[in-house]
Amino acid sequence: MKCFTTTNTPNKKNLTLFISVFGVFIFLASHTFAQTGNIRGHIADAAVDNPLKNATVTIAEDSTLKATTGPDGTYRLSNVPVGRKTLIITFIGYERTTIPNVDVSSGKDVVADVKLTEKFNSLAEVVISAGPPKDRPLNKLAAVSARQVSPEEISKFAGGRSDVARLATNFAGVSAPDDSRNDIIVRGNSPTGVLWRIEGIPVPSPNHFSSLGTTGSPVSALNVNVMGNSDFITSAFPGEYGNALGGVFDIAFRKGNKDAYEYTLSAGAFTGAEAMAEGPLGKKGSFLVAGRYGLAGLFGAGGTTAQPNYMDLSFNFDLGKTKIGNFSLFGIAARSNINFRGDGIDESDLFAAKDENTDVKSQFGVLGLKHQISINDHSSIKTTIGGSSSTEKVDRERIFNYGTTQPTTLPFTNIDNNERRITLSSVYNARYNNRFTLRGGILLEQYRLRAELTTRERQGDANGDSYPDYINLINSDNNYTVFQPYVQGQYRLLESLTLNAGLHGQYFSLNKAFVAEPRASLTWKVAPAHNISFGYGLHHQNVPAPILFLNQYVNGSPVQSNKNLDLVQSNHYVVGYDVRPASGWRTKIEAYYQSISKAAVEATPGSYSSLTEGATFGFSIDKFGLVSKGTGRNTGVELTIEKFLSNGWYGLTTASVFEAKYKGSDGIERNSPFNNGYVVNVLAGKEFKVGSGRNVFFADTRLSTAGGRYYTPVDLAASRSAGYEILQDNNAFSRQYDAYFRMDIKLGMKLNSSRKKISHQFYIDLQNVTNKKNVFVRRYNRLTNNVDQADQIGLFPDFGYKLQF
């Protein structure tokens, strides 16, 4: 799959135009007066997710503004002055919770859903007010290496392109020194080790231009305006998560406004043109529908002479509470394509060539029906049945004898992949008392994979026609099953000591392997502002499908010699210390060790390991007869210092120092391609009230630096002789690119109408403002017959406008 990386500096006239328009918005802001907005949401029990009736929600800045939840746990606060507000939520027998910095605007209701925890001691008054809930995951059984992600964060940070995956790169332990894709590299693991879930069910890579076996791409298909608060977990996952080694992104969709119709229109260089509508559905339900069309190619943000085209539609229909429970229907439909033509390609472009024409098409889709029912006040069952699919089609032709009087055009590569899943998830939640909570369930995935790869890449000329043979390397039509039962419990030993323990099972039908995985964590509140946590988890994951179903020809017949490889195994160990040094501040330190075994390696001594897959945009096509004897280890220390938004400003600093190593079948320990060594992120932002109203001018900045990626040097003489790239496998990942550095600055304005329910937002995001030319790759180029270098994105001004009414 081709990638898109911007290598040129934008037109200065366009940059001047953006800044001029931005100045007009500042002028208008000083003559605009703010009005009021509304806050709505849902209050539920954190353990079983049952709605809490008669909970009280109060505006801290004005105690006369309050609301009480109805039978379905929903509330609505009307006529709230625009600006940042603090919510106080109370309910008898539950911990009093404070949610600061709820951003009220005139154009759209603000959604603030809260889950309350039952008091350990009914006589004690516990107040959670040191920070917003984002520092604690929605999943209360995820006690270590986890945090909550809000849609506001995704949109706020500079350089993020409103992409949830790119947001994650700001967190401790995550590395992504690659501007062309949104792969998530967690604690030295391959991005293939990340699990994506949407509304409780696993899905393929939720991205445009995605490829089989990958989890990232150039453009996300997840629409931030449809997302609700979600969880990101980097280690020792709770018992309900499986078939992942590196991390979990558990995405939730928000519900539409069931009280009033609302609309959003927006446009941005990377997010595209978008229209969204939401409102009541029947007497008790709501709908939310959003569609986007990509504009990256139109504004030159694709970074290639070819124009990427992509569009997606996301929706969530909540049918409301009925006698037999609450039903909701959700989904995403996404499609994308790009056409590369050799006669329009520059010679230095390593992702397309003058002697090739390539057409790429991809689709991603998920459709799910969720049902939740309360058995009683202390237990519930949530069941989701869904289908998901990911298709990829690549047709590439090469012009042999290019530039001569007798060129010959032949098909060079054909990829036709179609992965479909039918998924059933059912979860039982029960809170037996204020000490003990139990969760158990099953996850059943039925896969249908039709995959085909035919190529001349790296092939010989057995038929003597002077051209590489056109060989079928993958021709798979397989059905297989992944079955995952699990049970997880939380027991509060003391008010200051909480134990989480569980057992996850996983059955993989291809190799008929069943594994049992213990998980446990312990959290000790040693003082009101100090927590120590310990975590352990055993995890397994199957080797990526492009490796499992690779054809090896034996006596002229194709054999899938990797099909029965074992599940890769990983033990996670984590210890953390969390302290609140002052109100609105948080500092967290985590140290971890990960031991990996049963990775796929060559049967004869060699440097290859399946742990290195995911370092490029495709998978190896010449690794046959692999055995499950490879090992690896990841160790590191992470620091997070966070200043939650207050007095108009926020700050986030994360630093990671780590080491990622692996061993192939030759027994030599080598650097993983994901062993950057260190990652540092510094983010800060400030909001300024403008004019006599509550309009806001905001400025955000982001600075990121990381050690360079390790890579395998090219054997130039062998490559020139063969006509394609040959690497020095005996020196695998022995060299390191220069350190990565990037700084982004984002400026914007929020305007609230003085007369109508309308709000405007405009921003300009100066990405890589120093125009640092970070190395993307050094690769053999057959046209120049040398090892050439491609650089990553230079200075580029992303921009966007949003109208809400």
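A polar contact is a pair of N or O atoms within 3.5 Å; within protein, one atom must be able to donate a hydrogen and the other to accept it, and residues adjacent in sequence count only if both atoms are side-chain atoms. With that in hand, we can start at Asp765, where a polar atom of the side chain lies 2.7 Å from the backbone nitrogen of Gly159.

A word on the ground rules. This is a predicted model, in which local features need pLDDT of at least 70 and side-chain atom pairs count only at pLDDT 80 or more, while totals for chains, interfaces and linings use all residues. Residues are numbered from 1 along each chain as its sequence is written, and side-chain values use heavy atoms, with hydrogens and water left out.

## Asp765 and Ser609

Asp765 belongs to strand S44, residues 759-767; helices (H or I, at least four residues) and strands (E, at least two) are DSSP runs, numbered from the N terminus. Its relative accessible area is 1%, so Asp765 is buried (buried means under 20% relative accessible area, exposed over 50%, partly exposed in between, with a 1.4 Å probe and protein chains only). Not counting residues up to four places away in sequence, Asp765 touches, among others, Phe157, Ala158, Gly159, Gly160, Asp744 and Phe796; contact here means heavy atoms within 4.5 Å. Met227 sits 538 residues from Asp765 along the chain, and their C-alpha atoms are separated by 22 Å.

Ser609 is placed in a loop, between strand S35 (585-601) and strand S36 (627-646). Is Ser609 buried or exposed? Its relative accessible area is 0%, so Ser609 is buried. Apart from neighbours within four places in sequence, Ser609 is in contact with Ala599, Ala600, Val601, Tyr662 and Lys663.

## Salt bridges

A salt bridge is a side-chain nitrogen of Lys or Arg within 4 Å of a carboxyl oxygen of Asp or Glu, and by this rule the count comes to 55. Here are three of them.

| Pair | N to O distance |
|---|---|
| Arg84 and Glu687 | 2.5 Å |
| Arg292 and Asp312 | 2.9 Å |
| Glu687 and Lys750 | 3.9 Å |

Arg84 in strand S5 (residues 83-90) and Glu687 in strand S39 (residues 678-690) are 603 residues apart, so their salt bridge links distant parts of the chain. Arg84 counts as buried at 19% relative accessibility, and Glu687 counts as buried at 13%.

Glu687 also pairs with Lys750. That pair again links distant parts of the chain, with Lys750 in strand S43 (residues 740-752), 63 residues from Glu687. Both Glu687 and Lys750 are buried.

The Arg292 and Asp312 bridge joins strand S21 (residues 285-293) to strand S22 (residues 309-322), so it ties together parts that are 20 residues apart in sequence. Arg292 is buried at 10% relative accessibility, and Asp312 is buried at 5%.

Salt bridges also form a network, which links Arg40, Arg76, Lys108, Asp109, Arg254, Asp259, Glu262, Glu278 and Lys757.

## Nonpolar cores and a surface patch

In soluble globular proteins, nonpolar side chains tend to be buried together. A nonpolar core is a set of buried Ala, Val, Leu, Ile, Met, Phe, Trp, Tyr and Cys residues joined through side-chain atoms within 4.5 Å. The largest one has 46 residues, and those touching the most other members are Leu449, Tyr480, Phe508, Val543, Leu548, Phe549 and Val568. Elements that give two or more residues to this core include strand S23 (325-341), strand S28 (471-494) and helix H4 (545-548). Leaving aside neighbours within four places in sequence, the contacts of Tyr480 include Leu449, Phe508 and Phe549. A second, separate core of 37 residues includes Ile154, Val203, Ala290 and Leu645.

On the surface, Leu329, Leu367, Leu369, Ile385, Leu424, Ile442 and Leu444 make a nonpolar patch of about 510 Å². Patches are made of residues with over 30% relative accessible area and no salt bridge; like charges are joined within 9 Å, and nonpolar side chains (Val, Leu, Ile, Met, Phe, Trp, Tyr) within 5 Å. Areas come from the Shrake-Rupley method with a 1.4 Å probe, and for residues only the protein chains shown count as cover. Strand S24 (356-376) and strand S27 (436-455) each supply at least two residues of the patch. Leu369, in strand S24, counts as partly exposed at 35% relative accessibility.

## Two positive phi angles

Most residues other than glycine have a negative phi. Arg161, although not a glycine, has a positive phi of about 55°, and Ser162 has a positive phi of about 55° too. Arg161 lies in the loop between helix H2 (151-156) and helix H3 (164-168), and Ser162 is found in the loop between H2 and H3. Arg161 is buried at 12% relative accessibility, and Ser162 is buried at 17%.
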